[in-house]
Amino acid sequence: MSSASQATDKDAKLRDGGPGRKPVKVRGLLVVGLLGFVAAMWLAPLVWMFSLSLSDNTALQTNTTSLLPLEATTENYQDALAVGLTPRWLLNSTIVTGVTTIATLLLSAMAGYALARIRFSGKRLVFPLILAGLMVPKEAMFIPLFLMFAEVDQHNTYQALALPRIAAPLGVFIMTQFFMAIPRELEEAAAMDGASRWRIFTRIMLPMSVPALTALGTFTFILTWNDFLWPLVSATDPEMFTITTGLASLQGNFAQANELGSLMARGAIAAIPLLILYFIFQRYLIRGIAMGSGGK
Amino acid sequence: MATESTVAPAQHLTSDRQTHATLSWRDRHSDSIAAYLFLAPFLVIYLIFLLFPVIQALLMSLYEWDLLDPRVRRFVGLDNYAEMFGTTGGLTWGVTGNTGWRLLALAVLLAVLIAAFRGALARATAWVSAGVMVLIWVLLGLRPGADAAWTDGVFWSSFANTVLFVLLSTPLIVGVALALAIPLARPGGVAAFLRIVFFAPYVLSVAVLTLIWGFLLNPDLGLIASLTSWFGMEPIAWLTEPGFAMVAIVVTTLWWTMGFNLILFIAGLQDIEPSLYEAATLDGANPWHRFLNVTVPGLRRTLVLVTVLQVIASFQIFGQVFIMTRGGPGGTTRVLIQHIYESSFREFRLGYGAALSVFLFVVMLVAAVIQFRLLNTEEDES
């Protein structure tokens, strides 16, 4: 007994790299050092973008490799938000992403609830049909979609940007799995009291699924905000660009070397909403990713 | 009041049983209606904007379909596919040609045979994958006859570039994520902070990514040039040198999406029973043996999943190259989706673009199925 507990004790020390034997400590430090170095490399490009965006454009003519702003100024940000279409693109992205996220959450939760909790004829057909959609590479199917919206003259609209994204079945899959894991007792008690399906769904199931919905919502928000190919194909009018396609259009024809700071400020403006969202919701987001793929 | 309350439970029971019986009959009908009411909003959008386009793409691929001229919608059978795969004058076959790719197919064949010989692969799986490799080797020997060329040479080069990107990016991104996941899976503030750092680039849009990396890799302005000059190297024009552009795209993508795989691996690692590690340590296993005998088997499912997801994502590469290199230099980074995009919206040939899309879809499906078969053998046997 005592030797076993000693062994696990030592073991714990080994794993912690704590005050155990010396080689272990050295190796632990080495791992930490290496990790720190790699993490610094991972951060450097982001830091560099923010540094350039806060630098004076003329100062950047001579030096562009500083990780700290040169002659720090917020002028680039003010310019980006005052001149040109960047504010409009931000607005477009916010509307499209907001609508898509809310619609995805609502429709996925409703469909997931039906699939997880209601016995109905045809389920054996419907569920595989939705799962099959997971195999469809959305990126490869933009031609028929383009034609569909062209025929009803709906390109360069918000609905054209949002609808194909809402059709993604991953959210239904995630919510189905989530609802299946919820114990049935609560729901049955409410049903005894004569609550309707819709009431059970809105009053019991939805409040219980707030963590899952937060995860799915964050993930959907990020993917939609960053969507590139479909907005590129559908929204050809610069007024209807999203911040992602707009920023891409600037990179093609900018007087780049002269306006590096301004360009980077626009990049930072596109990145900041998502970075903030990420820092607030990272716990949920990370769990959502594990949920979306772990259950297969 | 008192008498009522003593009687009530009994009444309640009987009435409950009754309603239950009647309900279960009624339920079967009303529940189907309720279920479809809940499903309808999603199903309608899903059928219109996801499933229908797939069928429509299959149909369109059989048509000559002009984007600008609605009168040109002519059924042409498999002509688009013939143009994609065909030549201007016959086909010949040789043992030489496509040497690099064919050696790779042979190497994979050899690996499959060795794995099968050592009992690591189910026999059926081994035969199928060996057969696929031989088939690939044979197909790679096909080439246009004398004085002829491929009808669509760009298709072949963009397909080759896409496959090259998949083969370079998948092991690199999966490998780096796995290596980082092992130290970062443990609890604690530092590990949690580092997880946040490594995942952060994933939330950036592709346009921000290309903005940062386009300049980072710039030989005159970028950080990488100043880094390599420390080692006395001449600055490399990463994005305009044919030999370097694809490598630069792969590294850019590694920085961008590695964090996603990292999170999946960490979730997988945290699902492994800690007692297994303790048992292995008690048996005197060193860290390397613990990795091989506990981590690798416990992570097998996650590894399959991550690899398949990465291959699927890599096949769909588009934004990075489209913005950073426009497919250049000399077409060395042009990928399939760019070819689909350009066929459809530069040459206005929607039918041909649809045929290319169908091809990409099929290739991705086949690749996913093969991987599930190859990597998932343990579950077949058990």
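Trainee: How far apart are the N and O atoms where the side chains of Glu151(A) and Arg73(B) meet in a salt bridge?
Mentor: Bear in mind that this is a predicted model. A salt bridge needs the nitrogen within 4 Å of the carboxyl oxygen. Glu151(A) and Arg73(B) pass that test, with N to O at 3.3 Å.

Trainee: Why does the pair of Glu151(A) and Arg73(B) join two chains?
Mentor: Look at where each partner sits. Glu151(A) lies in helix α6 of chain A, residues 142–151. Arg73(B) lies in strand β2 of chain B, residues 73–75, so the pair joins two chains.

Trainee: Is Glu151(A) buried or exposed?
Mentor: The cut-off for exposed is over 50% relative accessible area. Its partner Arg73(B) has 35% and is partly exposed. Glu151(A) has 52% relative accessibility, so Glu151(A) counts as exposed.

Trainee: How many salt bridges does the rule find across the interface of chain B and chain A?
Mentor: Over all chains, the count comes to eleven salt bridges. Across the interface of chain B and chain A, the rule finds two.

Trainee: Which side chain meets Arg197(A) in a salt bridge at 3.0 Å?
Mentor: Start from the network of salt bridges that holds Arg197(A). Arg117(A) and Glu187(A) are linked in that network too. The partner at 3.0 Å, N to O, belongs to chain B: Asp31(B).

Trainee: Which element gives the most to the side of chain B that touches chain A?
Mentor: The interface of chain B and chain A also has 15 residue pairs in polar contact, both residues at pLDDT 80 or more. On the side of chain B, one element gives 25 residues. That element is α1(B).

Trainee: How much area do chain B and chain A bury between them?
Mentor: In contact are 90 residues of chain B and 93 residues of chain A. Carbon and sulfur atoms hold 81% of the buried area. The area buried between chain B and chain A is about 8,000 Å².

Trainee: Which three residues supply 10% of the area that chain B buries against chain A?
Mentor: No other three residues of chain B supply more of that area. They are Phe38(B), Phe42(B) and Phe49(B).

Trainee: Which residues make the nonpolar surface patch of about 300 Å²?
Mentor: Helix α1 of chain B, residues 2–60, gives the largest share, three residues. Leu47(B) has its place in that helix. Leu47(B) is partly exposed, at 38% relative accessible area, and patch residues need over 30%. The patch is made by Leu129(A), Val44(B), Leu47(B) and Ile48(B).

Trainee: What does the secondary structure of chain A come to?
Mentor: From the N terminus on, each element of chain A is an α. The total is 14 helices and zero strands.

Trainee: What share of the 296 residues in chain A do buried residues make up?
Mentor: Buried means under 20% relative accessible area. The accessible surface of chain A comes to about 13,900 Å². Buried residues make up 51%.

Trainee: How many residues apart are Arg165(A) and Asp227(A)?
Mentor: Arg165(A) forms a salt bridge with Asp227(A), with the closest N and O atoms 3.4 Å apart. The pair links distant parts of the chain: Arg165(A) is in helix α7 and Asp227(A) is in the loop between α11 and α12 of chain A. Both residues are buried. Along the chain, Arg165(A) and Asp227(A) are 62 residues apart.

Trainee: Which residue forms a salt bridge with Arg349(B)?
Mentor: Arg349(B) is in the loop between α14 and α15 of chain B, and its partner, 266 residues apart, is in helix α2. Arg349(B) is partly exposed at 28% relative accessible area. The closest N and O atoms are 2.8 Å apart, and the partner is Glu83(B).

Trainee: Where is Asp153(A) found?
Mentor: Most residues other than glycine have a negative phi. Asp153(A) is not a glycine, yet has a positive phi of about 55°. Asp153(A) is exposed, with a relative accessible area of 66%. Asp153(A) is found in the loop between α6 and α7 of chain A.

Trainee: What is the positive phi of Asn98(B)?
Mentor: Asn98(B) lies in the loop between β3 and α3 of chain B. Asn98(B) is partly exposed, at 39% relative accessible area. Asn98(B) is not a glycine, and its positive phi is about 50°.

Terms used
Residues are numbered from 1 along each chain as its sequence is written. Chains are lettered from A and ligands numbered from 1 in the order in which they are written. This is a predicted model: local features need pLDDT of at least 70, side-chain atom pairs count only at pLDDT 80 or more; totals for chains, interfaces and linings use all residues. Side-chain values use heavy atoms; hydrogens and water are left out. Patches are made of residues with over 30% relative accessible area and no salt bridge: like charges are joined within 9 Å, nonpolar side chains (Val, Leu, Ile, Met, Phe, Trp, Tyr) within 5 Å. Accessible areas come from the Shrake-Rupley method with a 1.4 Å probe; for residues, only the protein chains shown count as cover. Helices (H or I, at least four residues) and strands (E, at least two) are DSSP runs, numbered from the N terminus. Buried means under 20% relative accessible area, exposed over 50%, partly exposed in between (1.4 Å probe, protein chains only). Contact means heavy atoms within 4.5 Å. Buried area is the accessible area (1.4 Å probe) that two parts lose on being put together, summed over both. A polar contact is a pair of N or O atoms within 3.5 Å; within protein, one must be able to donate a hydrogen and the other to accept it, and residues adjacent in sequence count only if both atoms are side-chain atoms.
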